[in-house]
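Dear colleague,

Please find the structure below, handed over for your examination. My notes on what was found in it follow directly after.

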Amino acid sequence: RANNGYQKKASRHGALFVEIKENACERLAQELKTLQPRHVLIGSTTEVYQQAEERTCLTRAILELLNEHDVSYTIMSKSALIERDIDCIKQHPENTVYYTINTLDENVRTKLEPNASTVDERIHALQRMAAAGIRVHVHVSPFLPILSDKEALIRTCAAHAASIGFENMNMKMIERASFMGLLKNAFPRVNDELTRIYENNSAYVSYYDQERESIMELGQRNGMAVKCFFYPFDS
């Protein structure tokens, strides 16, 4: 499981290890016979295209198994490694990808997601998936004040994505002090403004209400379907 340095730790080990479910395909094959699902969600809580996947190819084996049983799927990822499996994903017309791109600024990406795929790698993967006829929805999460350029994201993704969704940071799901410390160290020039928004209920609500209106307008202007998933302050 990836660790950005400010996520709440699920165990005493934190999020600094990867547990490979080596018997996943065998278990899945058994369940496909009894449950007979029509569509499944992959990657809702853990990135399925981590570096370990390059070696294990476990995710690919699962996709191949689902294809064999004519089960469609939705994949959630932020990794450019998904590009490797385009041939698998495009086999079913109902297969869908929710692809996270939360900034086009590589400097911001490096500081917030140092071990994740680069901006250029993700944009290239998005373009290749779209060219292959795969339905891709871009997910901007977390959508960070000042650091996430909503207009640039919408314009860049409009030609390749079916829609784009913006989700703010759910402050209940993270270690707030660690997160704010990360922002302060990484982006000192805008720290005061970030602190004002994240530490004040009225400023937070006002900011995201305005952003919602602006995002919807930008979506209309660029002919792109947009959605906003903005959590209430400290909720």
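Is Glu26 buried, partly exposed or exposed? With a relative accessibility of 47%, Glu26 counts as partly exposed. The residue belongs to helix H1. Its C-alpha atom lies 9.9 Å from that of Leu65, although 39 residues separate Glu26 and Leu65 in sequence. Please bear in mind throughout that this is a predicted model.

Overall architecture

The protein chain contains 10 helices and six strands. Its radius of gyration is 19 Å, close to the 18 Å that the globule rule gives for 235 residues, so the chain is as compact as a globular protein of that length. Along the principal axes, the C-alpha trace extends over about 55 × 45 × 30 Å.

Of the 235 residues in the protein chain, 44% are buried. Among the contacts with a separation of 6 or more, 69% are made by residues 24 or more positions apart. The accessible surface of the chain amounts to about 12,900 Å², and carbon and sulfur atoms contribute 47% of that area. As for charge, the chain carries 28 positive and 31 negative charges, and the mean positions of the two sets are 3 Å apart.

Helix H3 and its surroundings

Helix H3 covers residues 58-68, and its buried residues are Leu58, Thr59, Arg60, Leu63, Leu65, Leu66 and Asn67. Leu65, mentioned above as the partner of Glu26 in the C-alpha distance, is thus one of the buried residues of H3. Against which elements do the buried residues of H3 pack? They pack against three helices and two strands, namely helix H1 (24-35), helix H2 (51-56) and helix H4 (86-89), together with strand S1 (39-42) and strand S2 (72-77).

Leu66, also on the list of buried residues in H3, offers a contrasting distance. Asp192 is 126 residues from Leu66 in sequence, and the two C-alpha atoms are 49 Å apart in space. Asp192 is located in helix H9 (residues 191-198), and its relative accessibility of 64% makes it exposed.

Backbone features

Two residues other than glycine that have a positive phi deserve a note. Gln36 has a phi near 50 degrees and sits in the loop between H1 and S1. Its relative accessible area is 61%, so Gln36 is exposed. Asp70, which comes just after H3, has a phi of about 55 degrees. This residue is in the loop between H3 and S2, and it is likewise exposed, with a relative accessible area of 56%.

Where is the cis peptide bond that involves Pro142? It runs from Ser141 to Pro142, with omega near -5 degrees. Pro142 is placed in the loop that connects strand S4 (135-140) and helix H7 (150-157).

Val138 and the cysteines

Strand S4 also includes Val138. With a relative accessible area of 1%, Val138 is buried. Leaving aside residues up to four places away in sequence, Val138 touches Tyr99, Ile101, Leu126, Cys157, Ala161, Ser163, Ile164 and Gly165. Its C-alpha atom is separated by 10.0 Å from that of Ser77, a residue 61 positions away along the chain.

Cys157, one of the residues that Val138 touches, is itself buried, at 0% relative accessibility. How far is the sulfur of Cys157 from the closest cysteine sulfur? The closest one is in Cys228, at 14 Å, which is too far for a bond; a disulfide requires the two sulfur atoms to be within 2.5 Å. Cys228 in turn is in no disulfide, the sulfur of Cys157 being the nearest cysteine sulfur to its own. The structure as a whole holds zero disulfides.

Points to inspect

When you open the model, the following places may serve as starting points:

- Helix H3, whose buried residues pack against H1, S1, H2, S2 and H4.
- The cis peptide bond from Ser141 to Pro142.
- The positive phi values of Gln36 and Asp70.
- Val138 in strand S4, with its contacts including Cys157.

With kind regards

Note on methods. Residues are numbered from 1 along each chain as its sequence is written. This is a predicted model: local features need pLDDT of at least 70, side-chain atom pairs count only at pLDDT 80 or more; totals for chains, interfaces and linings use all residues. Side-chain values use heavy atoms; hydrogens and water are left out. Helices (H or I, at least four residues) and strands (E, at least two) are DSSP runs, numbered from the N terminus. The radius of gyration is taken over C-alpha atoms; the globule rule is 2.2 Å times the number of residues to the power 0.38. Buried means under 20% relative accessible area, exposed over 50%, partly exposed in between (1.4 Å probe, protein chains only). Contact means heavy atoms within 4.5 Å. Accessible areas come from the Shrake-Rupley method with a 1.4 Å probe; for residues, only the protein chains shown count as cover. Lys and Arg count as positive and Asp and Glu as negative; His and the chain ends are not counted. The place of a charge is taken as NZ of Lys, CZ of Arg, CG of Asp or CD of Glu.
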